[in-house]
Amino acid sequence: MNRPAAEKEKDFHHPYEPYDIQKKFMNALYECIEDGKVGIFESPTGTGKSLSLICGSLTWLRDHKRRTFDEVLAAVTVDGSEPEWMLEHERKEKKQALLSQRADFESRLAKIRAKEKMIRERFEKGEPQYKRQKMTTDQNGEDDADEARFVLDDYESEGDTFVKSRVRTSADSGLSMETQLLMEELGLPTRQISAEGEEEIFDEMKIFYCSRTHSQLTQFANELRRVKMPPAIAPDPLNRKNSDTDVEVDLEEEFKHLTLGSRKNLCINPKVNKLGSATAINERCLELQQPGTSVDCKCSYLPTKQTEAVVNNFRDHALSRIQDIEDLGKLGRKLGICPYYASRSAIRPCEIVTLPYPLLLQKSAREALELSLKGHVIIIDEAHNLMDAIAGIHSISVSLAQLQRSRAQLGVYLQKFRNKLKGKNRVYVTQTVRLLDSLTGYLQSKNANSKDAEGLVQIGDLMAGKGVDQINLFKLARYLQDSKLARKVDGYIIHTEQEQVKLPRSSGGNSTVSLNRPKEGAPVLTHIQSFLLALMNPSAEGRFFYSKDEGGIVLKYMLLDPTFHFKEVVEEARAVILAGGTMSPMSDYEQHLFPYLDPSCITTVSCGHVIPPSNLVAMPVIRGLSGTEFDFTFEKRNSESMIQDLGNAILTFIQHIPDGVVVFFPSYPYLDTCLAAWKRLNHSAKPISLWDNINAIKPIFLEQRGQPKPSSSAINSIGNLATASSSVVDSVLTAYSAAITTGNGRGALLLAVIGGTLSEGINFSDSLGRGVIVVGLPFPNLHAAEWKAKMQYITSKATRGGKDGKATARDFYENACMRAVNQCIGRAIRHRGDYAAILMVDRRYGSQRIQAKLPDWIRGSLRNDASLREVVSGLNDFFETKKQ
Ligand code: SF4
């Protein structure tokens, strides 16, 4: 697309003077959205990626609104016989109508902002706050003890289609159908008026910004607060004063932002949110909405026709300023309305919606939120693991223990209600029992007879039980959903347990009812129900597996190819942007996520770092001190002499790298093997162990395995101990940073694992990471059933497409490994003045093919020195120049 030269110097309203790489990023992003493409954007940590995403996309959004506004006015026509001034008059009228519509909305939000400011100031002065809306405390939603409520309702539907979800009906917009269609076509907001005719609701062109966690979305909201932009449509110069307030309309327009969350994030009913798990909260909330639930038990926060005004009030407050998920929860509590449901009212007039991965990537979640992506812009941040995230969201597993528990619960239920089950209920409950027995029988026999820890499962084997091959899974799944069997069974089990507690011990209550129901979990049958959906629709891109470990045997469905699930998003959206600090190697996305797109529809942008190349030195370390090659392949990695060489090499490096050094190992078991050897083996020239030797140079800290990743505040605090809150900072990271800052210049050594708890989301800036050492290449285990199936799938798909299947699969395999490596080595540089050395220990890092998979900014600082001595001299030179 040809653009005027002047546009290259576009003002992106960046709050600071942007670096050249930021300008490049924002320009490319703007064009990608304008041209309606898929974009893959890489910008290393510390380069202001979030601000570039915000400024580039929202500048486009406001420009787009401005252009479409002009186009709508230009499309106004009058009868050909009318004079020119009539046309002008019509346009003027139209313009004023649209402007006043917007001005009213803005004015409402401005009033809310002013009121909140006043309340804040009063609070700061110590004046009493306004009374909060009374919260209903009686929200226990407990059903009464009548057992009749556990009986299934009659079920007669035999049709083959699901009941369609409620379709939003548009209220009368007050515009002619022709104008409405034209405005929609041009992407201009259409207006809705509520039933009372009081509230106007715009449906704005939107940016959907998606990241993995709410803490990342909160960080994004903080960045968004820094950006100010002029209004999309400048107010009429003659009409700049607001009629209500007599205040001039601001020349900056606040962003209309909303963050979406799940019920688990937003439920304010204490009796429901205490259930803990997302499934349990969802189930309970839906259960309380069932017809027939007594008024006392219903959730009083659920929006109703009578509380429409409160919902609108929630919407205006939510949009009046940039708020994170916790703010929305507080707002819901303050107004006494459920923020999960009330948020939906704010989606239409919103400009930027932020939401975590699962809400965007799962069609059912989008439908539940009534979220349409049609024609909007999607930005997915931290997208380096997007393909895995899609696969994870659409994969599901069920354990033998869950199947058995589920079957036992159903047995107890049938003991009581068998005679009350009639017609289709009897048929489908029997089918459910048979299916559970069939799945259970399969896993029991695998558990007893198979020596393999895991293996591929054929769907026919799962359905081999008596009469199971006759079951129409589609109809059964619909029955389970419509009949709420899982909830009825679960409700009855809880009821029975409660009744048993009331019985004296001597009365010998039915011991079989102790079914180990997790106290605050979801009905186990619900989980089985989800697995059934995979059984019902085992697309060609997925496989079933079993796997055994100490916890028992598990049946899994795994999605091998994310293409089709993500295609729906791509086809609906105007443009899709995948952004990340390290997206390299990028070819994977083109080949395995967008194989159906013409390459001309994909833009890839890899930005350099903000540091000059002289602030980084990256070196492969091919040989140890003894001259033997480092080869950490699975077959050779346990060589004791090589492990000793590795210890000696690390001991040498840390004497030439100041402050903190982080070493990443390929796996926890290999880290354990190395540690055990270093404690046993001596340094070649000294009578003390390698471990003690290393520890004497820099105190050693070990990553805590299996711990949840540190919270965002902990992560932030690592770079800024002065503001750290010790309660949230991971103890190892705190101790490591403390050792560096207070250790008389010795620094510290942190031993971690690639893909472990410290390899993502933590920035080892400045003295926390003057050196990052990566040991070996963390290739996935090709002998694992899942990887075997994945490689087979890729090979045959590529071969069918006329490509070299084996080479494609090998490339994919290497890319999965290098993406994990790139994540680790991208942790060291955080800002323009930062500097670090990156050492990659393995002969394979010397190969062109592997080096080509490193990010551009690292390749630009790569030195290929032959011996360890040369690496050491490279380190000395590098840190010497940094001292000056
Ligand atoms: S309506 Fe809202 S507050 Fe009530 S139970 Fe459901 S999620 Fe919780």
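This report describes the fold, the nonpolar cores, the ligand surroundings and selected residues of a predicted model.

## Overall architecture

The protein chain has 884 residues, of which 51% are buried. Its secondary structure consists of 32 helices and 19 strands. When contacts between residues at least 6 apart in sequence are considered, 78% of them join residues at least 24 apart.

## Nonpolar cores

In soluble globular proteins, nonpolar side chains tend to be buried together. The largest nonpolar core in this model comprises 106 residues. Ile-380, Leu-386, Leu-435, Leu-535, Phe-566, Leu-578 and Phe-594 have the most contacts inside it. Helix α16, spanning residues 423-449, supplies the largest share of this core, with eight residues. A second core, separate from this one, contains 43 residues, among them Met-619, Ile-650, Trp-691 and Ile-773.

Ile-380 illustrates how distant parts of the sequence meet in the largest core. Apart from neighbours within four places in sequence, Ile-380 is in contact with Cys-210, with Tyr-357, Leu-360 and Leu-361, and with Leu-386. The remaining contacts of Ile-380 are with Phe-566, Ile-577, Leu-578 and Ala-579. Of these partners, Leu-386, Phe-566 and Leu-578 are also listed among the residues with the most contacts inside the core.

## Ligand surroundings

The ligand sits in the largest cavity. Around the ligand are Arg-263, Cys-267, Ile-268, Asn-269, Val-272, Cys-285, Cys-299, Leu-302, Cys-338 and Tyr-341. This shell divides into eight nonpolar residues, one polar residue and one charged residue. The charged residue is Arg-263 and the polar one is Asn-269.

## Two buried positions

Val-353 belongs to strand β6, which covers residues 352-356. Because its relative accessibility is 0%, below the 20% limit, Val-353 counts as buried. Beyond neighbours within four places in sequence, Val-353 is in contact with Lys-206, Ile-207, Phe-208 and Tyr-209, and also with Leu-258 and Leu-260. Val-353 and Leu-260 are 93 residues apart along the chain, and their C-alpha atoms are separated by 7.1 Å.

Asp-865 lies in the loop between α31 (856-859) and α32 (868-883). Its relative accessible area is 15%, under the 20% limit, and Asp-865 is therefore buried. Outside neighbours within four places in sequence, Asp-865 is in contact with Met-619, Pro-620, Glu-870 and Val-871. One of these partners, Met-619, is included in the second core. Asp-865 and Val-621 are 244 residues apart in sequence, with a C-alpha to C-alpha distance of 7.8 Å.

## Backbone features

Most residues other than glycine have a negative phi, and most peptide bonds are trans. Three loop positions in this model depart from these tendencies. The peptide bond from Ser-584 to Pro-585 is cis, with omega near -5 degrees. Pro-585 is placed in the loop between β12 (575-580) and α22 (587-593).

Glu-382, which is not a glycine, has a positive phi of about 50 degrees. Glu-382 lies in the loop that runs between β7 (377-380) and α14 (386-393). Lys-484, also not a glycine, has a positive phi of about 60 degrees. Lys-484 occupies the loop between α18 (473-483) and α19 (485-502). Since its relative accessibility is 23%, Lys-484 counts as partly exposed.

Technical notes: Residues numbered from 1 in each chain as written. Predicted model: local features only at pLDDT ≥ 70, side-chain atom pairs only at ≥ 80, totals over all residues. Heavy atoms only, no water. Core = buried A, V, L, I, M, F, W, Y, C linked by side-chain atoms within 4.5 Å. Buried < 20%, exposed > 50% of the residue type's maximum accessible area, 1.4 Å probe, protein only. Helix = DSSP H or I, 4+ residues; strand = E, 2+ residues; numbered from the N terminus. Contact = heavy atoms within 4.5 Å. Near = heavy atom within 4 Å. 1 Å grid on protein atoms, 1.4 Å probe; cavity = no way out; pocket = protein on both sides within 12 Å on 5 of 7 lines; lining within 4 Å. Sits in = over half its atoms within 2 Å of the grid points.
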